[in-house]
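Biologist: I am new to reading models like this one. Could you show me the structure, and then let me ask how you know what you say about it?

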Amino acid sequence: MTTILAIETSCDETAAAVVLDGKTIASNIVASQIDLHAQFGGVFPEIASRAHIEAIGHVVESAIKDAGINANKIDAIAVTRGPGLVGSLLVGINYAKGLALALDKPLLGINHLEGHVYSLWLTDAGRDIQFPALVLIVSGGHTELLLMTGHGQYERLGGTLDDAAGEAFDKVGRLLGLPFPGGPNIERVAAQGSPTAFDFPRAKTDNSYDFSFSGLKTAVKREATVSSRSGDKEPVLRSDVSVKDVAASFQRVLVSTLVDKTARAAKEFKATEILMAGGVSANQALRQAMRAQTELPVRYPPLNLCTDNAAMIAAAANFRYDAGLRDDFDMDVKPMWALNSHTYDR
Ligand code: KG4
Ligand code: ZN
C-alpha cells in the first residue's frame with residue numbers, strides 16, 4: 001500500500017491530507033481563510049501567506065494524527081508546486097521539503113490543476129474513467145478546457161482570456177452585495193430568481209475553446225448598479241433591481257457558455273466522458289445543464305473535494321509515485337504552471 005501525505009497552500013486554504021493508494025482518504029484537513037479575506041471581498045496575497053505560516057504546522061500534524069498513522073509509514077510527501085500565489089506556494093513547498101528531509105522520504109511537486117483533475121479518482125465512479133476524457137476545470141483562479149488522453153497526459157484546448165469562472169461569480173457576488181465567496185451565494189439566491197429576466201450578452205469567442213467573462217460582469221454592473229458617486233468605494237445597487245433575477249440570469253449565461261463549449265469539444269475530440277472539477281463544479285445548475293446537454297457520462301467530485309484540498313494533490317501524486325517519478329529537493333515553485341501534456345515525461 002502506498003501512503004502519501006500531501007500539502008496544499010496555493011491560494012487561501014491551508015490543507016493537508018493522507019491518502020492510501022491514491023483513492024482512500026485517511027484524513028483531509030482544510031483550514032480556510034475565507035473569514036480573513038471576506039472583509040476585502042477577495043484574497044489578499046500577503047495576508048494569505050502569513051495565515052499559511054501560522055496554520056501549516058498544526059494542519060499537517062492534524063492530518064497525520066487523524067489518519068492514525070505513524071509518520072514513518074508515509075511513503076512520500078507531495079506538495080502543490082503551482083500554479084498559485086508565489087508567497088503561499090513557498091510556505092507549502094518549504095514546509096514539505098523540511099518534512100521530507102526530516103523523515104527521509106521522497107518529494108513530489110504537483111500541479112494544482114492536475115490535483116483538481118485527480119479529485120475525480122477519489123470517488124468510486126472515478127476509477128472507471130475511460131480516456132480520452134474532456135476535462136473542464138472551473139475554479140476561482142482557472143477556467144481550463146483539456147483533453148485528457150491518459151494519466152498525466154493533457155492537451156490544452158482553451159481557457160479564460162480574462163476572469164476565471166469562479167472569479168466572475170465572486171465579482172458579481174460583490175456587485176450584488178452578497179457575502180464572499182460569491183459562487184455559493186449566487187447559486188443560493190439564483191434558485192429563487194428568474195434566469196431569463198435579463199438577457200446578458202455572451203462573449204464572442206464562439207469559434208474557439210477560449211472563454212471571456214469580463215464583459216458579462218460589466219453587463220451585470222451596468223444593469224444592476226448606479227454609477228458610483230464620489231466617495232462611494234463600492235458600486236451602489238439600484239434600489240429597483242431584483243438581486244435574485246440578476247443572479248439567476250448571470251448564472252444561466254455563464255453556465256451555458258461553459259456547457260456549450262465543453263459539449264462541442266467533447267464531440268469534436270470524440271471524448272468518452274466529461275469530467276468537471278474545481279470550486280465552480282459544485283454548482284448544481286452547471287451540473288444539471290451539463291448532464292442535459294450530452295449523452296456522455298458527466299462526472300464531478302463530491303462537494304467537499306470541488307474546492308481546494310490536499311487529498312486531490314495526494315491522488316495526483318500517487319500516479320506519479322507509482323510511475324517512479326520523484327522531484328529534486330531544490331525544486332522551485334511554479335506560480336504560472338500550465339497543465340499541458342508535459343507531466344509524465346518532463
Ligand atoms: O477550486 P477553488 O476552491 O479555488 C481555486 O483553485 O481557485 O474554487 C473557489 C471558487 C470561488 O470563486 C467560489 O466562488 C467558487 O469556486 N464556487 C462556486 C460554488 N462553490 C464555490 N461557484 C459557483 N457555485 C458554487 N456552488
Ligand atoms: Zn483550486
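Modeller: Here 20 residues surround ligand 1, and the closest are Gly140, Gly141, Asp170, Glu187 and Asp308. This is a predicted model, in which local features need pLDDT of at least 70 and side-chain atom pairs count only at pLDDT 80 or more, while totals for chains, interfaces and linings use all residues. Residues are numbered from 1 along each chain as its sequence is written, chains are lettered from A and ligands numbered from 1 in the order in which they are written, and side-chain values use heavy atoms, with hydrogens and water left out.

Biologist: How do you know which residues surround ligand 1?

Modeller: A residue is near a molecule if one of its heavy atoms lies within 4 Å of it.

Biologist: What makes the pair of Asp170 and ligand 1 a polar contact?

Modeller: A polar contact is a pair of N or O atoms within 3.5 Å; within protein, one must be able to donate a hydrogen and the other to accept it, and residues adjacent in sequence count only if both atoms are side-chain atoms. A polar side-chain atom of Asp170 is 2.7 Å from an oxygen atom of ligand 1, so the pair fits. A polar backbone atom of Gly140 lies 2.8 Å from an oxygen atom of this ligand.

Biologist: Which residues are the protein donors of the zinc ion (ligand 2)?

Modeller: They are His112 (NE2), His116 (NE2) and Asp308 (OD), 2.0 to 2.1 Å from the zinc ion. Donors are N, O and S atoms within 2.8 Å of the metal (3.2 Å for Na, K and Ca), so these atoms qualify; water is not among the atoms, so sites may look incomplete.

Biologist: Why is the site of the zinc ion called irregular?

Modeller: Its four donor atoms make angles of 96 to 140°. Four donors count as tetrahedral if all angles lie between 85 and 135 degrees; four count as square planar and six as octahedral if opposite donors are over 155 degrees apart and all others between 65 and 115; anything else is irregular. The range reaches 140°, so the site falls under irregular.

Biologist: Why is Asn111 called buried?

Modeller: Buried means under 20% relative accessible area, exposed over 50%, partly exposed in between (1.4 Å probe, protein chains only). Asn111 has 1%, so it is buried. His116 and Asp308 are buried too.
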